Amino acid sequence: MNLNTVTALRQPTSAAEIAQWHSGFAWLAGGTWLFSEPQPAIDTLIDLEQLGWPALEASPAGLEIGATCRIAELYRFEAPREWFAAPLIRACCNALLASFKIWNAATVGGNICMSLPAGAVISLVVALEGRCTLWPRDGVPREVPAVDFVTGNHSNLLRPGELLRKVHLPASALIKRAALRQASLTKLGRSAALLIGTSDPSRPDLVLTITAATSRPVQLRFNEIPSGEALRQAIDARIPADGYFADVHGSAGYKRHLTYHFAEQIRAELARPGARA
């Protein structure tokens, strides 16, 4: 879509070149949302392409994902064999409602910053205990846990002009056993529920991440694999009956049912010795 209110395009080689932030400014990465509908409040696009951020950097400490990394690049990443949870990367990419053309333009940062309940990259980085590095316009960089970044449907912790620079996934999470469950009302539709469970191979714990069914990620932690009843009670304690996100992709009751059903499947799968993603 043509954005007929945009009168300027800036292409900085450093984020520091954008010292002053105005209400009509917008960061441009893949642009798959910006160009999908009218943006009457925007008059200036600031292209991140020239900043040259690395897409993916793997090390013994884990995986750093640049905010401008394309979904297609993330999907093609070949992880070390000992990162048992790495299959979650492709599974979450496949959960996105997007064509191959979108995959080659859309960015990891864009999916996270859109902060939609069904943002599958959000599901990935929260489940793998990621940490987001944020760059404010007038201060020092700050880190926030990925689980806290999204605050609601289409809302997050970003301040005006602040950038999501990268997400770090620690190796301690990538080496975990993992299980994923996802459902949508249509074959290629937006997720109604996407749940991921991880478990440390050295001890029978459980980290359960609930997304899409709720307006923001919900994460439950257990020091050991709980019983089915204990898990259900923990879900109810964190998500009341009216706490599920109802939209055209599923009613609140439907998403609540899926959450219970998938949580039990994940619990049972990770309770089995040696189970992996």
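Select residues 177-183 and 193-199: these are β11 and β12, an antiparallel pair held by 7 bridges. What you have open is a predicted model, so treat the tour as a walk through a prediction. To find the register of this pair, pick arginine 181; its bridge partner in β12 is leucine 195.

**The four-stranded sheet**

Now add β13 and β14 to the selection. Together the strands make an open sheet of 4, ordered β11-β12-β13-β14, with antiparallel pairing. β11 and β14 are the edges, and each of them pairs on one side only. Sight along the sheet and compare neighbours: ignoring direction, they are turned by 10° against each other on average. If you show backbone hydrogen bonds at this point, remember that these are what pair the strands of a sheet, either parallel or antiparallel.

**Helices lying on it**

Keep the sheet on screen and bring in residues 87-94. This is helix α2, which lies across β11 and β12 and runs at about 10° to β11.

Next, residues 120-127, helix α5. Which strands does α5 lie across? β12, β13 and β14, with the helix running at about 20° to β12. Colour α5 by relative accessible area and you'll see that 8 of its 8 residues are buried. The list runs Ala120, Val121, Ile122, Ser123, Leu124, Val125, Val126 and Ala127. Step past the end of the helix to glutamate 129 and check its backbone: phi is positive there, near 55°.

**A helix with one covered face**

Jump to residues 228-238, helix α8. Its buried residues are Leu231, Ala234 and Ile235. Why do they line one face of the helix? Look down the axis of α8: the buried residues fall within an arc of 100°, so they share a face. The general background is that an α-helix has 3.6 residues a turn, so residues three or four places apart point the same way.

To see what those residues pack against, select β13 (206-211), β14 (218-222) and α9 (252-271). Two of those elements, β13 and β14, you already have on screen from the four-stranded sheet.

**The five-stranded sheet**

Clear the view and start from β6 (131-135) and β10 (163-170), which run antiparallel and are joined by 5 bridges. Then add β7, which pairs with β6 in the antiparallel sense over 4 bridges. The connection from β6 to β7 is a hairpin through 6 residues.

Cysteine 132 is a handy residue to centre on here. In β10 its bridge partner is valine 167, and in β7 its bridge partner is valine 144.

Now widen the selection to the whole sheet. It's an open one of 5 strands, in the order β4-β5-β10-β6-β7, again with antiparallel pairing. The edges are β4 (56-59) and β7 (142-145), each pairing on one side only. From one strand to the next, the twist averages 20°.

**A strand covered on both faces**

Go to residues 25-28, strand β2. Is β2 paired with β3 in the parallel or the antiparallel sense? Parallel, over 4 bridges. Use residues 44-47 to pick out β3, and look for threonine 44 opposite phenylalanine 25.

In a regular strand, side chains alternate between the two faces of the sheet. Turn on the side chains of β2 and you can sort them: Phe25 and Trp27 sit on one side, Ala26 and Leu28 on the other, and all are buried.

**Out to the start of the chain**

Select asparagine 4, in the segment before β1 (8-10). Buried or exposed? Asparagine 4 is exposed, at a relative accessible area of 73%, where anything over 50% counts as exposed. Draw a C-alpha to C-alpha distance from asparagine 4 to isoleucine 42: 9.4 Å in space, against 38 residues in sequence.

**Zoom out**

Finish with the whole protein chain, which has 9 helices and 14 strands. Its radius of gyration is 19 Å, close to the 19 Å from the globule rule for 277 residues, so the chain is as compact as a globular protein of that length. Along the principal axes, the C-alpha atoms fill a box of roughly 60 × 40 × 35 Å.

Colour everything by burial and 50% of the 277 residues count as buried. For a contact map, take contacts with a separation of 6 or more: residues 24 or more positions apart account for 61% of them. Finally, put on a surface: about 12,900 Å² is accessible, and 52% of that belongs to carbon and sulfur atoms.

Definitions and conventions:
Residues numbered from 1 in each chain as written. Predicted model: local features only at pLDDT ≥ 70, side-chain atom pairs only at ≥ 80, totals over all residues. Heavy atoms only, no water. Pairing = 2+ DSSP bridges. Helix = DSSP H or I, 4+ residues; strand = E, 2+ residues; numbered from the N terminus. Axes fitted to C-alpha atoms, helices over the stretch in contact; angles between N-to-C directions. Buried < 20%, exposed > 50% of the residue type's maximum accessible area, 1.4 Å probe, protein only. Arc of directions from axis to C-beta. Contact = heavy atoms within 4.5 Å. Rg over C-alpha atoms; globule rule 2.2 N^0.38 Å. Areas by Shrake-Rupley, 256 points an atom, 1.4 Å probe, with all protein chains shown as cover.
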